[in-house]
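Visitor: I would like a close look at one part of this protein, the place where its nonpolar core is built. Could you take me there slowly, and then show me what surrounds it?

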Amino acid sequence: MSTMVTERPEGDSRGIGALSCAPHNMLTHLGDKWTILVILLLAQTPGNRLRFSGIKRGVAGISQRMLTLTLRMLERNGLVVRHYFAEVPPRVEYELSLMGKGMLPPLEFFAQWIGENWPAMEAARREYDARSGQ
């Protein structure tokens, strides 16, 4: 993307539609909490490669079905490579692709931003809940 998110060409009235960085469904997939957690887990794993069971153990709360769907979507979008080994029993490993590794700097920046702003967000939630009577 050649322009920053906050920049808008003069005279452009399309609003957020002017941002042609990705279709809505791609943003939905990549912004999904399971997707981000799987990518971060693979990033922290030596060789960026794990078996399905290792990913399931490493991502607390994810169901087998949701992990299967998440890995298929990541593979389909080129962010993860699936390695199948014809052994008895068969073994499958998932690894971040070069494009998947390219997501790490923005994710690290976002994680840092969350860490720096978490106390302020918690305070804002408490204030909001107090005003709303929750």
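Guide: Read along the sequence, the pattern of this predicted model is α-α-β-α-α-β-β-α-α, which comes to six helices and three strands. Of the 134 residues of the protein, 24% count as buried, and among the contacts between residues at least 6 apart in sequence, 43% join residues at least 24 apart.

With that outline in mind, we can turn to the core. The largest nonpolar core has 22 residues, and those with the most contacts inside it are Val38, Ile39, Leu42, Ile55, Val59 and Leu74. At least two residues of this core are supplied by each of helix 2 (33-44), helix 4 (64-76), strand 3 (91-96) and helix 6 (104-132), and the largest share, six residues, comes from helix 2.

Valine 38 is a good residue on which to rest your eye. If we leave aside its neighbours within four places in sequence, valine 38 is in contact with Ile55, Val59, Leu67, Thr70, Leu71 and Leu74. Several of these names return when we ask how helix 2 and helix 4 meet. The two helices pack with their axes 10 Å apart and at an angle of about 75°, and because angles from 65 to 115 degrees count as roughly perpendicular, helix 2 is described as roughly perpendicular to helix 4. On the side of helix 2 the contact is made by Trp34, Thr35, Val38 and Ile39, while helix 4 brings Met66, Leu67, Thr70, Leu71, Met73 and Leu74.

One of these residues, methionine 66, lies in helix 4 and deserves a second look. With a relative accessible area of 29%, methionine 66 is partly exposed, since that class lies between the 20% limit for buried and the 50% limit for exposed. The C-alpha atoms of methionine 66 and threonine 35 are separated by 9.9 Å, and the two residues are 31 residues apart along the chain.

If you follow the chain onward from helix 2, you come to the loop between helix 2 and strand 1 (49-51), where asparagine 48 has its place. Asparagine 48 has a positive phi of about 55° although it is not a glycine, and at 14% relative accessibility it counts as buried, because the limit is under 20%.

Further along, the loop between strand 2 (80-85) and strand 3 holds proline 89, and the peptide bond leading to proline 89 from valine 88 is cis, with omega near -10°. Arginine 91 lies over the face of phenylalanine 85, at 3.9 Å from the ring centre.

We can end in helix 6, another contributor to the core. A search of the whole structure finds one aromatic pair, formed by phenylalanine 110 and tryptophan 113, whose ring centres are 6.2 Å apart and whose planes meet at 5°, so the pair is stacked. The two residues are three residues apart in helix 6, which means that about one helical turn separates them. Phenylalanine 110 counts as partly exposed, at 43% relative accessibility, and tryptophan 113 is partly exposed as well, with a relative accessible area of 39%.

Technical notes
Residues are numbered from 1 along each chain as its sequence is written. This is a predicted model: local features need pLDDT of at least 70, side-chain atom pairs count only at pLDDT 80 or more; totals for chains, interfaces and linings use all residues. Side-chain values use heavy atoms; hydrogens and water are left out. A nonpolar core is a set of buried Ala, Val, Leu, Ile, Met, Phe, Trp, Tyr and Cys residues joined through side-chain atoms within 4.5 Å. Buried means under 20% relative accessible area, exposed over 50%, partly exposed in between (1.4 Å probe, protein chains only). Helices (H or I, at least four residues) and strands (E, at least two) are DSSP runs, numbered from the N terminus. Contact means heavy atoms within 4.5 Å. Rings of Phe, Tyr and Trp (its six-membered ring) pair if their centres lie within 6.5 Å; planes under 30 degrees apart count as stacked, over 60 as edge-to-face and the rest as tilted. A charge sits over a ring if NZ of Lys or CZ of Arg is within 6 Å of the ring centre and within 35 degrees of the ring normal. Axes are lines fitted to C-alpha atoms, for helices over the stretch in contact, and angles run from 0 to 180 degrees between N-to-C directions. Angles under 35 degrees count as roughly parallel, over 145 as roughly antiparallel, 65 to 115 as roughly perpendicular and the rest as oblique.
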